[in-house]
Amino acid sequence: MSLKPISTESIRAALADLPAIRRVIHLDTIDSTNNLARQLASEGAAAIVLVSADEQTQGRGRRGRAWFTPTGTALAMSLLTRPAIPAQGAMRLTMLAGLAAVEGIEQATALCLGLKWPNDVVSVNEERMAQGAIPHPSSLILHPLKVGGILTECAFQGDQIEYAIVGLGLNVNVDFSQQPELLQVATSLKNLKGNEIDRLGVLAAIVKRFVKKYDWLHNEVKLRDAWSARLLNLGRIVKVQTGDAIVEGLAEGVDLDGALLVRSDDGQLHRLLSGDVTLHGLA
């Protein structure tokens with residue numbers, strides 16, 4: 001397979017039909033694409049700006065965790081947006097990015113992936129899908145491995161979002177054979193597909209999905225329903241750690257703000273806006 005190299009020019013060409021993308025910056029290496037996007041926002045850059053890099057030296061996930069982005073094999077990108085939505089709707093950007101990621105990956109590679117609340121893109125071991133239909137992830141036999149993660153960072157002005165940076169890290173052709181501590185929890189699109197994947201094609205497909213559905217930020221029900229259909233947590237017993245507290249129970253659904261609704265054994269319904277989730281009986 002002849003894979004197209006990623007450069008500012010090749011990305012611009014791949015996204016030429018998206019006038020909503022006002023600016024594209026691709027770098028060989030960077031500390032964090034989110035950091036550069038934040039700098040551009042502070043300088044008044046008009047949205048939507050795409051920042052990507054072949055390598056991140058200080059990539060991070062939620063709660064300040066490091067994100068492994070080896071040179072030329074992963075995707076690291078950030079989208080600077082200025083959505084006209086209230087501060088309480090910030091989670092919608094993570095929802096939109098997750099949906100765009102799994103749909104874009106499916107379009108570019110034919111791989112069907114799932115989402116793990118609140119912000120992970122994960123593999124799904126599944127039986128053969130009938131006639132191309134996508135079953136709800138909760139109906140599948142799962143051993144989820146992390147393929148990507150989303151980090152959304154916002155600046156607020158009053159009760160509105162001034163700007164939001166949506167960062168996505170994705171294991172495309174990453175080889176974890178020399179990372180034994182990650183082998184049991186992470187995988188790549190290459191491992192799932194069995195061949196090397198065109199990173200530019202995946203990037204373009206994800207960004208196009210994000211832009212195509214951007215107005216869904218103003219349709220909470222439509223966005224929530226499409227996002228929740230990809231969540232593997234729902235309908236399962238989960239254990240969620242939020243700070244020092246642990247909530248365990250049945251994940252009944254998510255609300256319009258993206259909060260996970262967990263019913264504990266005592267009948268209480270817990271509304272969780274963030275946390276680390278473990279699926280009962282699964283690693």
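These exercises walk through a predicted model of a protein, each with a worked solution.

**Exercise 1. Take stock of the whole protein: how many helices and strands does its secondary structure come to, and what share of its residues count as buried?**

Step 1. Count the elements. The secondary structure comes to seven helices and 12 strands.

Step 2. Check burial. The protein has 283 residues, and 53% of them count as buried.

Step 3. Look at the surface. About 12900 Å² is exposed, with 49% of it supplied by carbon and sulfur atoms.

Step 4. Look at the contacts. Take those with a separation of 6 or more. Residues 24 or more positions apart account for 67% of them.

**Exercise 2. Find the order of the strands in the open sheet, and say which strands stand at the edges.**

Step 1. Read across the sheet. Its seven strands have the order S1-S2-S3-S7-S6-S5-S4, and the pairing is mixed.

Step 2. Find the edges. S1 and S4 (114-116) each have a single partner strand, so one side of each is left without a neighbour in the sheet.

Step 3. Check the twist. On average, neighbouring strands of this sheet are turned by 20° against each other, direction ignored.

Step 4. Zoom in on the S4 edge. S4 runs antiparallel to S5 (residues 120-122), and three bridges join them. Gly114 has Val122 in S5 as its bridge partner.

Step 5. Recall the general rule. Strands of a sheet pair through backbone hydrogen bonds, either parallel or antiparallel.

**Exercise 3. Describe strand S7: is S7 mostly covered or uncovered, and how do S3 and S6 pair with S7?**

Step 1. Test the cover. S7 spans residues 160-171, and 10 of its 12 residues are buried, so by the cut-off of under 20% relative accessible area S7 is mostly covered.

Step 2. Take S3 (residues 74-81). S3 and S7 run antiparallel, joined by eight bridges. One partner pair is Leu75 with Leu170 in S7.

Step 3. Take S6 (residues 146-157). S6 pairs with S7 over 10 bridges, also in the antiparallel sense. Gln157 stands opposite Gln160 in S7.

Step 4. Inspect the turn. The hairpin of S6 and S7 has two residues between the strands, and Gly158 takes a positive phi near 65° there.

Step 5. Add a helix. H2 lies across S1, S2 (49-53), S3, S6 and S7. H2 runs at about 20° to S3.

**Exercise 4. Examine the salt bridges: how many does the structure hold, and which parts do Lys208 and Asp17 tie together?**

Step 1. Start with the total. The structure holds 12 salt bridges.

Step 2. Recall the idea. Side chains of opposite charge can pair when their charged atoms come close.

Step 3. Take Lys208 and Asp17. Their side chains meet in a salt bridge at 3.9 Å, N to O. Lys208 lies in helix H6 (residues 199-212), and Asp17 in the loop between H1 (8-14) and S1 (23-27), so the pair ties together parts 191 residues apart in sequence. Lys208 is partly exposed, at 31% relative accessibility.

Step 4. Take Arg38 and Glu153. They meet at 2.8 Å, N to O, in a salt bridge. Arg38 lies in H2 (residues 33-42) and Glu153 in S6, so this pair links parts 115 residues apart in sequence. Arg38 is partly exposed, with a relative accessible area of 29%.

Step 5. Take Asp225 and Arg224. Their salt bridge is 2.8 Å, N to O. Asp225 is partly exposed at 40%, whereas Arg224 is buried at 19%.

Step 6. Finish with a network. Salt bridges link Glu103, Arg209 and Lys213.

Conventions. Residues numbered from 1 in each chain as written. Predicted model: local features only at pLDDT ≥ 70, side-chain atom pairs only at ≥ 80, totals over all residues. Heavy atoms only, no water. Buried < 20%, exposed > 50% of the residue type's maximum accessible area, 1.4 Å probe, protein only. Helix = DSSP H or I, 4+ residues; strand = E, 2+ residues; numbered from the N terminus. Pairing = 2+ DSSP bridges. Contact = heavy atoms within 4.5 Å. Areas by Shrake-Rupley, 256 points an atom, 1.4 Å probe, with all protein chains shown as cover. Salt bridge = Lys/Arg side-chain N within 4 Å of Asp/Glu carboxyl O. Axes fitted to C-alpha atoms, helices over the stretch in contact; angles between N-to-C directions.
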